[in-house]
Amino acid sequence: MFSIEPTGQACGAFVTGIDLRRQQDPDTVADLRAAWLEHNVLVFPDQELDDPQFERFAESIGPIGDDPFIEAMEGKKRIAAIQRRADETGRIFADVWHSDWSFQETPPAGTCLLSVVVPPVGGDTLFSNQHKALEEMPSDMRQRFEGRTALHSARSAYGDDGFYSEEGNKGSMAITTSETARDIRRHPLIRKHPESGRTGLYGGAYVTGFDGVAEAESQELVKELYRWQSRPEFTYTHQWQPNMLVLWDNRSVLHKATGGYEGHDRLLHRLTIADDRSFYC
Ligand SMILES: [Fe+2]
């Protein structure tokens, strides 16, 4: 049985005493899944995994997700690279609070990142606990958001007229853009986690407005929500070491990349995990 040590911040726990190179038995997978739902972010230090081992671990949590706009690494079927070279000077990829692919009809339940090249400074990943963000939301503010349906779109990032439609903004990431990024998907802002039943906020940077709300008011609500969701007291700052695997729950947390490692390479391998209804309570 593995050991769990909470980070002491708003979410996240370290998991030790487990070798992810091996196939886990069903009881261990069930325990890991329970820990994941409880802590929202699981950090596994000292896991030197090859590609098949990384994929096997992700698949033990759920089927691999469908990833638009970021191509798999050359020679790999599904693993994508989150990378930045030492000489890059452009904007940091994913430096806004978001839930991965929340503009999809069924966004991924989880995301796994495995660190390969870690800069000696900077490059932390921040997580924000959206159950806590809702629980601590003042009642007058909550009234403004109760019952709202959020509109999610990838257009400003991945649209054919979005940020990454400029070749120079892609850095060394294998990003594609498409007119399909203009699609808008609706998700309730306040909702129960389908597996844990815990209520939380589901939003982030892909939220462009709210259903049935006039544009100007919608934009004010989007800004107010984002400011609240990203308050420091809801967050966990994850500092990477080489060979760390981090698994987070996109239904419970937002996340955000940070810079501060100019002049250093950084490479993480990524897989998303589909939202599998067979796990719903
Ligand atoms: Fe992300």
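How many helices and strands are there in the protein chain? There are six helices and 15 strands, both taken as DSSP runs numbered from the N terminus, a helix being H or I over at least four residues and a strand E over at least two. The model is predicted, so local features need pLDDT of at least 70 and side-chain atom pairs count only at pLDDT 80 or more, while totals for chains, interfaces and linings use all residues. Residues are numbered from 1 along each chain as its sequence is written.

The radius of gyration (over C-alpha atoms) is 18 Å, close to the 19 Å that the globule rule (2.2 Å times the number of residues to the power 0.38) gives for 281 residues, so the protein chain is as compact as a globular protein of that length. Buried residues, those with 20 or more other C-beta atoms (placed from the backbone) within 10 Å of their own, make up 38% of the 281 residues.

Helix 1 has 14 residues, 26-39, and reaches 20 Å from its first C-alpha to its last. Its residues divide as follows, exposed meaning 12 or fewer such C-beta atoms.

| Class in helix 1 | Residues |
|---|---|
| Buried | L32, W36 and H39 |
| Exposed, on the other side | P26, D27 and A30 |

Seen down the axis of helix 1, the buried residues fall within an arc of 85° (of the directions from the helix axis to the C-beta atoms), so they line one face of the helix. After helix 1 comes N40, whose phi is positive, near 75°.

Definitions and conventions
Expected span 1.5 Å × (residues − 1).
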